[in-house]
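Me: I would like a close look at a single part of this model, the place where the two chains meet, taken residue by residue where that helps. Please start with one residue and work outwards from there.

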Amino acid sequence: MGVRVQSEPFDAGAEANAFTAAATGAGAVVTFSGVVRDEGGRLQAMSIEHYPGMTERALATHRETAVERFGLTDALVIHRYGDLAPGDVIMMVATAAPHRKDAFGAAEFLMDYLKSRAPFWKKERGPDGESWVASKDDDEAALDRW
Amino acid sequence: MIDVLYFAWLRERVGLPRERLETSAATVADLVEELKVREERYAFAFQDLSAIRVAVDQELVGFDAPLAGAREVAFFPPMTGG
């Protein structure tokens, strides 16, 4: 079902249901949703910047790689940009495969790549002002397993 | 002419999201050196290249990547998606 990059909120449940309904031939569907943490009440807002054009290309490439590598029957990636609040759904991935191991594996693969290979940048606003979220060495290391 | 794009804190430090430049730089690294001597804000933005990633025509590359035929170069911090 492709990739979508959008500022508008989306209904992760409705997306999951539509994805599952279309996943004929699959025996397993895995969905993951990323949610804005409130960081113990410290985070007031988050804004996400992205690189229009490259973002869509990168997501489509990673999706296609996941489909081939894990033998998926379908995959969906949705990622938001713009202003978000704690509790908002930032993004989701859905994967469909004949068996669950590949569906889970592909979802993890896609998440690891989205973390550090898709051109998004998060800025957080809290009591001390605004700051860009730093990348984590762990996120880079997570790619080594693939 | 080449379009140069800046994202996140690089955009803030340079002070603009994109600009079109005339350059004879052979590589990304050469372009960075050209920018750094232009104005202090570029020197500030590009002082630590280990904290900067680069894409040429929307593909991630290293700083040694050639610019011949490139239309667009983008500089940005490590990505924080997901």
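Reply: A good place to begin is B:Q58, which is buried, with a relative accessible area of 17%, a value that falls under the 20% limit for that class. The model is a predicted one, and what follows should be read as a description of that prediction. B:Q58 sits in the loop between β3 (53-56) and β4 (59-61) of chain B, and its phi is positive, at about 70 degrees, although the residue is not a glycine.

The surroundings of B:Q58 involve both chains. Once its neighbours within four places in sequence are left aside, B:Q58 is in contact with A:Y51, A:P52, A:G53, A:M54 and A:R57 from chain A, and with B:E72 from chain B. Two of these contacts can be described at the level of polar atoms. Across the chains, a polar atom of the B:Q58 side chain lies 3.2 Å from the backbone nitrogen of A:M54; within chain B, the side chains of B:Q58 and B:E72 are joined by a polar contact of 3.2 Å.

A second cross-chain pair, this one charged, is formed by A:K123 and B:E12, which make a salt bridge with the closest N and O atoms 2.5 Å apart. The pair runs from helix α1 (residues 8-14) of chain B, where B:E12 is found, to strand β7 of chain A, which holds A:K123. The two partners differ in their accessibility class: A:K123 counts as buried at 13% relative accessibility, whereas B:E12 is partly exposed, with a relative accessible area of 38%. In general terms, side chains of opposite charge can pair when their charged atoms come close. A:K123 also has a partner in its own chain, since the side chains of A:E130 and A:K123 meet in a salt bridge with an N to O distance of 3.3 Å. A:E130 is exposed, with a relative accessible area of 52%, so a buried lysine here is bridged both to an exposed glutamate of chain A and to a partly exposed glutamate of chain B.

Widening the view to the whole interface, 25 residues of chain A are in contact with 21 residues of chain B, and the two chains bury about 1900 Å² between them, of which 55% is on carbon and sulfur atoms. The count of salt bridges between chain A and chain B is 3, and the count of residue pairs in polar contact between them, with both residues at pLDDT 80 or more, is 15. On the chain A side, the elements that give two or more residues to the surface touching chain B are β3 (45-50), α2 (54-70), β6 (89-97), α3 (100-117) and β7 (120-126). Of these, α3(A) gives the most, with 5 residues. By residue type, the side of chain A that touches chain B divides into 14 nonpolar, 5 polar and 6 charged residues.

Helix α3 of chain A also takes part in a link within its own chain. The side chains of A:R145 and A:E108 meet in a salt bridge, with 3.4 Å from N to O, and this pair connects distant parts of the chain, A:R145 lying in the segment after α4 (137-142) and A:E108 in helix α3, 37 residues apart. Both partners are partly exposed, A:R145 at 47% relative accessibility and A:E108 at 43%. Elsewhere in chain A, A:R63, A:E64 and A:D74 are linked in a network of salt bridges, and a search over all chains of the structure finds 16 salt bridges.

To return to chain B, its strand β3, after which the loop with B:Q58 begins, also serves as a packing partner for a helix. In helix α2 (residues 28-38) of chain B, the residues B:V28, B:L31, B:V32 and B:L35 are buried. Seen down the axis of α2(B), these buried residues fall within an arc of 100 degrees, so they line one face of the helix. An α-helix has 3.6 residues a turn, so residues three or four places apart point the same way. The buried residues of α2(B) pack against β1 (2-6), β2 (18-21), α3 (40-45), β3 and β5 (72-76) of chain B.

Key:
Residues are numbered from 1 along each chain as its sequence is written. Chains are lettered from A and ligands numbered from 1 in the order in which they are written. Side-chain values use heavy atoms; hydrogens and water are left out. Contact means heavy atoms within 4.5 Å. Buried area is the accessible area (1.4 Å probe) that two parts lose on being put together, summed over both. A salt bridge is a side-chain nitrogen of Lys or Arg within 4 Å of a carboxyl oxygen of Asp or Glu. A polar contact is a pair of N or O atoms within 3.5 Å; within protein, one must be able to donate a hydrogen and the other to accept it, and residues adjacent in sequence count only if both atoms are side-chain atoms. Helices (H or I, at least four residues) and strands (E, at least two) are DSSP runs, numbered from the N terminus. Ala, Val, Leu, Ile, Met, Phe, Trp, Tyr, Cys and Pro count as nonpolar, Asp, Glu, Lys and Arg as charged, and the others, Gly among them, as polar. Buried means under 20% relative accessible area, exposed over 50%, partly exposed in between (1.4 Å probe, protein chains only). The arc is that of the directions from the helix axis to the C-beta atoms.
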